[in-house]
Amino acid sequence: MTLLELLHADDGTDAASERILDAAYARFLAYGVRGTTVDDVARQAGLSRITVYRRFSRKNDLIQGVILRELRRFLHDFEQAVAGLPTPAEQVVEGFAVTLRLVRGHSLLGRLLAGEPETILPHLTTGAEPYMAVARQFVASHLDSPDAEAIAEMFIRISLSFLLTPSSAIPLESDEQARAFARRHLVPFLSAGGAEAHPPASA
């Protein structure tokens, strides 16, 4: 099953699975991914090793489980932020601002980028293709343009660049600064791609 299929499938998490993922997140945050074993997670969750291994047979499965849950949460928050905005332009502006805010403020992502970048960077660079595909499809679904996927990918790549290399001559420290940047530099891509940046004028 692909990452996109996993993301949209019924995650099937029960109370024990949620406890395991909560414990894994807490251990990764405190000790990093390298410093955490499946046995550590079992102890943190207060569950037997066999209970954990039945749901996550390998450490990589556990890591993917945490990533998928965090990605679902991000997409939910993104959807909430742009829902009800009347034009693709407004969705792009708010979507860019909320993306920067949520990812920059993500405790685990910040911890791994600072403490063991070699663990997380492959998921954001050379191994980012499956995550890029999910994000591209999701963002494209909010854009009224025949080139929606190409435009969405451009937004994602620009956002990812700012997230991985936050030091910049461009002021993006606040939501308002991010919105101003998006209005000036990202919204024009909509017109270039044939999107309706503004609602059509009434007859």
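This is a short tutorial dialogue on reading the features of a predicted model.

Q: Let's start with the overall fold. How many helices and strands does the protein chain have?

A: A good habit is to begin with the secondary structure. In this predicted model, the protein chain has eleven helices and zero strands. Following the sequence, the pattern reads α-α-α-α-α-α-α-α-α-α-α.

Q: What share of the 203 residues in the protein chain is buried?

A: Buried residues account for 42% of the 203. For the outside, look at the accessible surface, which comes to about 11000 Å², with 55% of it belonging to carbon and sulfur atoms. Contacts add another view: of those between residues at least 6 apart in sequence, 69% link residues at least 24 apart.

Q: How do I read a record annotation against the model? Which residues does UniProt list as "DNA-binding region"?

A: Take the range from the record, then look at what the model does there. The unreviewed UniProt entry lists residues 37-56 under that name. Over this stretch the chain is 75% helix and 0% strand, and its end C-alpha atoms lie 12 Å apart.

Q: Helix α3 covers residues 38-45. Which of its residues are buried?

A: There is a general idea to keep in mind here. An α-helix has 3.6 residues a turn, so residues three or four places apart point the same way. In α3, the buried residues are V38, D40, V41, A42 and A45. They pack against α2 (15-31), α4 (49-55) and α5 (59-82). Just after α3, G46 has a positive phi of about 70°.

Q: Now the interior. Which residues have the most contacts inside the largest nonpolar core?

A: That core has 35 residues, and those with the most contacts inside it are F96, L143, F155, L186 and L190. At least two residues each come from α5, α6 (88-104), α9 (129-140), α10 (148-164) and α11 (175-192). The largest share, eight residues, is supplied by α10. Apart from this core lies another, of 21 residues, which include A24, A45, L62 and L112.

Q: What does L143 touch, leaving aside neighbours within four places in sequence?

A: L143 is in contact with P88, V92, A148, I151, A152, F155 and L190.

Q: And Q91 in helix α6: why does Q91 count as buried?

A: The cut-off is under 20% relative accessible area. Q91 counts as buried because its value is 14%. Setting aside residues up to four places away in sequence, Q91 touches V82, L85 and H142.

Q: How should I approach pockets? What is the volume of the largest one?

A: Start with the volume, then go to the lining. The largest pocket has a volume of about 1200 Å³. Of its 46 lining residues, the closest to its centre are L71, F74, V103, L109 and L124. Two or more lining residues come from each of α5, α6, α7 (107-115), α8, α9 and α10. The largest share of the lining, eleven residues, belongs to α5.

Q: One last residue: why is L121 called partly exposed?

A: Partly exposed is the class between under 20% and over 50%. L121 falls there because its relative accessibility is 30%. L121 sits in helix α8 (residues 117-124). Leaving out residues up to four places away in sequence, L121 touches L113 and L164. The C-alpha atoms of L121 and L109 are 9.9 Å apart, with the two residues twelve places apart along the chain.

Notes
Residues are numbered from 1 along each chain as its sequence is written. This is a predicted model: local features need pLDDT of at least 70, side-chain atom pairs count only at pLDDT 80 or more; totals for chains, interfaces and linings use all residues. Side-chain values use heavy atoms; hydrogens and water are left out. UniProt positions are given in the numbering used here, feature names are shortened, and annotations may be inferred rather than shown by experiment. Helices (H or I, at least four residues) and strands (E, at least two) are DSSP runs, numbered from the N terminus. Buried means under 20% relative accessible area, exposed over 50%, partly exposed in between (1.4 Å probe, protein chains only). Contact means heavy atoms within 4.5 Å. Accessible areas come from the Shrake-Rupley method with a 1.4 Å probe; for residues, only the protein chains shown count as cover. A nonpolar core is a set of buried Ala, Val, Leu, Ile, Met, Phe, Trp, Tyr and Cys residues joined through side-chain atoms within 4.5 Å. On a 1 Å grid over the protein atoms alone, a cavity is a set of points where a 1.4 Å probe fits but cannot get out, and a pocket is an open set with protein on both sides within 12 Å along at least five of seven lines; lining residues have an atom within 4 Å of a point. Grid points are joined across faces, edges and corners, and a volume is the space filled by probe spheres set on the points.
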